[in-house]
Amino acid sequence: MKKLAIVLLVTIASFCLAASAFAGSVAPGGMAKCNNASTIKIETAGSGDAEDRGSANGYLWKSSNFTTVPFTLGPNDHQSFSGNGGGAAGNKQVQMASKHSMGQKSVTFTHQKAFSRGDSIGDISGEVRIHNTGTIPVSVTCG
């Protein structure tokens, strides 16, 4: 009986360590978890289609303060600005450099050390659940 308990304890501990180190790919409608991570990096893992333009959508639920934080990643979003430096609002006419940039491919949430648990909206201590509400998969890395 003791050997079975030890094997069960070791199995659970190794599963928890593996799950906290790398949450993996999250399919549309799926969820991943991170526990007491110092960083959580979310990246688009697919190219998407013409309708979603490769945008990834989802939200984080944080157990530390029971709040959610939405995210949208749009590495293919360009807002119809021209790519030749002309830009919008007459940049070319006033010889102003284009201020345009594409959307981001990833976002990293970082643990805030200056706050006690649950004291800040940005706090990612405790359990954090990452939900994919978009149409393309996302990659989640817990650091």
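**Exercise 1. Find the bridge partner of Lys-33 in S7, then work out how S2 and S7 run.**

In S7, Lys-33 has Arg-129 as its bridge partner. Bear in mind as you work that this is a predicted model.

Step 1: Look for another facing pair. Ala-32 stands opposite Ile-130 in S7.

Step 2: Put the strands together. S2 and strand S7 (residues 127-132) run antiparallel, and five bridges join them.

**Exercise 2. Lay out the sheet that holds S2 and S7: which strands does it have, and in what order?**

Step 1: Write down the order. The sheet is open, with four strands in the order S2-S7-S4-S5 and antiparallel pairing.

Step 2: Check the edges. S2 and strand S5 (67-73) each have a single partner strand, so each one has a side with no neighbour in the sheet.

Step 3: Add the twist. From one strand to the next, the twist averages 20°.

Step 4: Go through the remaining pairings. S4 and S7 are antiparallel with five bridges, while S4 and S5 are antiparallel with seven bridges.

**Exercise 3. Follow Gly-58 to its bridge partners: which residue pairs with Gly-58 in S5, and which in S7?**

Step 1: Go to S5. Phe-71 is the bridge partner of Gly-58 there.

Step 2: Go to S7. Here Gly-58 has Asn-132 as its bridge partner.

Step 3: Now sort strand S4 (residues 56-62) by face. Side chains in a regular strand alternate between the two faces of the sheet. On the covered face of S4 you'll find Ala-56, Gly-58, Leu-60 and Lys-62. The uncovered face has Asn-57, Tyr-59 and Trp-61.

**Exercise 4. Describe the surroundings of His-131: is this residue buried or exposed?**

Step 1: Place the residue. His-131 sits in strand S7, and Tyr-59 stands opposite His-131.

Step 2: Check the accessibility. The relative accessible area of His-131 is 18%; the cut-off for buried is under 20%, so His-131 counts as buried.

Step 3: List the contacts. Setting aside neighbours within four places in sequence, His-131 touches Gly-30, Met-31, Asn-57, Gly-58, Tyr-59 and Phe-71.

**Exercise 5. Take the hairpin of S4 and S5 and describe its turn and its aromatic pair.**

Step 1: Start with the turn. Four residues lie between S4 and S5 in this hairpin, and Phe-66 in the turn has a positive phi of about 55°.

Step 2: Find the rings. There is one aromatic pair in the structure, and its members are Trp-61 and Phe-66.

Step 3: Describe the geometry. A pair of aromatic rings is described by the distance of the centres and the angle of the planes. For Trp-61 and Phe-66 the values are 5.9 Å centre to centre and 50° between the planes, and the pair is tilted. Tilted is the label because pairs under 30 degrees count as stacked and those over 60 as edge-to-face.

Step 4: Compare the accessibilities. Trp-61 is partly exposed at 22% relative accessible area, whereas Phe-66 is exposed at 63%.

**Exercise 6. Look at Ser-63: where does this residue lie, and what does its side chain meet?**

Step 1: Locate Ser-63. This residue is in the loop between S4 and S5.

Step 2: Check whether it's covered. With a relative accessible area of 14%, Ser-63 is buried.

Step 3: Look across the fold. Ser-63 and Val-128 are 65 residues apart in sequence, yet their C-alpha atoms are 6.3 Å apart in space.

Step 4: Find the polar contact. A polar atom of the Ser-63 side chain lies 2.9 Å from the backbone nitrogen of Glu-127.

**Exercise 7. Find the disulfide and say which parts of the chain it ties together.**

Step 1: Count. A search of the whole structure turns up one disulfide.

Step 2: Name the partners. Cys-34 is joined to Cys-142, with 1.7 Å from S to S.

Step 3: Ask what the link does for the chain. Cys-34 is in strand S2 (residues 31-35) and Cys-142 in strand S8 (residues 138-142), so the pair ties together parts 108 residues apart in sequence.

Step 4: Give the handedness. The link of Cys-34 and Cys-142 is left-handed, with -60° about the S-S bond.

Step 5: Finish with accessibility. Cys-34 is buried at 1% relative accessibility, and Cys-142 is buried too, at 3% relative accessible area.

Terms used:
Residues numbered from 1 in each chain as written. Predicted model: local features only at pLDDT ≥ 70, side-chain atom pairs only at ≥ 80, totals over all residues. Heavy atoms only, no water. Disulfide = S-S within 2.5 Å. Helix = DSSP H or I, 4+ residues; strand = E, 2+ residues; numbered from the N terminus. Buried < 20%, exposed > 50% of the residue type's maximum accessible area, 1.4 Å probe, protein only. Pairing = 2+ DSSP bridges. Axes fitted to C-alpha atoms, helices over the stretch in contact; angles between N-to-C directions. Contact = heavy atoms within 4.5 Å. Phe/Tyr/Trp six-rings, centres within 6.5 Å; stacked < 30°, edge-to-face > 60°. Polar contact = N/O pair within 3.5 Å; in protein donor to acceptor, adjacent residues only side chain to side chain.
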